[in-house]
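Welcome, and please open the model in your viewer. We will go from one selection to the next, with a short note at each stop.

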Amino acid sequence: MTSVLITGANKGLGYETARRLGKLGWRVFLGSRDEGRGRAAAQKLAAEGAQVVMVPLDVTSQEAVAGAVRLVREHTDRMDVLINNAGTAGGGVNPAKATAEDIHAVYDRLGPIGW
Ligand SMILES: NC(=O)c1ccc[n+]([C@@H]2O[C@H](COP(=O)([O-])OP(=O)(O)OC[C@H]3O[C@@H](n4cnc5c(N)ncnc54)[C@H](OP(=O)(O)O)[C@@H]3O)[C@@H](O)[C@H]2O)c1
């Protein structure tokens with residue numbers, strides 16, 4: 001069975017990707033920085049028949065990444081696909097007016113994730 005971890009999968013493009021891959025029979029590790037939102041999303045997908053494991057994961061936290069690796073390894077010793085989707089477009093700040101903080105808010109979301 002193909003396994004995929006999707007970060008920021010509790011909503012938006014990440015959730016839709018999880019939904020579609022779940023329908024294809026992939027095992028979906030659904031990353032969410034908020035456990036409540038993640039569980040709600042995972043339950044919806046499971047109700048549609050997907051094999052889904054919710055993984056608490058804030059991609060800006062090294063500790064959370066390490067915890068996610070431990071959790072995934074309890075279920076599988078291999079990850080076929082990583083979709084590092086979590087992020088923000090930065091709220092549409094005009095580039096000419098963006099501050100260093102605005103830019104960090106976008107780039108920090110790339111986080112320390114690595115497998
Ligand atoms: N939609 C577009 O047209 C478009 C265009 C270009 C690029 N993108 C990129 O594609 C990705 C998904 O876009 P989207 O429209 O689906 O965005 P979205 O609806 O805002 O969803 C973003 C997801 O990322 C999560 N997230 C944000 N920061 C996080 C963090 N530090 N750790 C873990 N999860 C985090 C959010 O969690 P919460 O629910 O907790 O906030 C949410 O689940 C983003 O990276 C975005 O920049 C989107």
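Start by selecting strand S1, residues 3-6. Color Ser-3 and Leu-5, which point one way from the strand, and then Val-4 and Ile-6, which point the other way. All four of these side-chain positions are buried. Keep in mind as you look around that this is a predicted model.

Next, add strand S2, residues 27-32. S1 and S2 pair in the parallel sense, with 4 bridges between them. To find one of these pairings, pick Ser-3 and look across to its bridge partner in S2, Arg-27.

Now bring in helix H1, residues 12-23. Together, S1, H1 and S2 form a right-handed β-α-β unit.

Go back to S1 and select strand S4, residues 81-83. This pairing is also parallel, and it runs over 3 bridges. Here Leu-5 has Leu-82 as its bridge partner in S4.

Stay in S4 and click on Val-81. Is Val-81 buried or exposed? Val-81 is exposed, because 12 other C-beta atoms lie within 10 Å, and a residue with 12 or fewer counts as exposed. Beyond its neighbours within four places in sequence, Val-81 is in contact with Thr-2 and Val-4. For a distance check, try Glu-16: it is 65 residues from Val-81 in sequence and 16 Å away in space, C-alpha to C-alpha.

Last stop: the ligand. Select the 20 residues that surround it; the closest are Gly-8, Gly-12, Leu-13, Ala-86 and Gly-87. Colored by class, this shell shows 5 nonpolar, 9 polar and 6 charged residues. Helix H1 gives the most to the shell, with 3 residues.

Note on methods. Residues numbered from 1 in each chain as written. Predicted model: local features only at pLDDT ≥ 70, side-chain atom pairs only at ≥ 80, totals over all residues. Near = placed C-beta within 6 Å. Helix = DSSP H or I, 4+ residues; strand = E, 2+ residues; numbered from the N terminus. Nonpolar A, V, L, I, M, F, W, Y, C, P; charged D, E, K, R; others polar. Buried ≥ 20, exposed ≤ 12 C-beta atoms within 10 Å, placed from the backbone. Contact = placed C-beta atoms within 7 Å. Pairing = 2+ DSSP bridges. Right-handed = clockwise from strand over helix to strand, strands pointing away.
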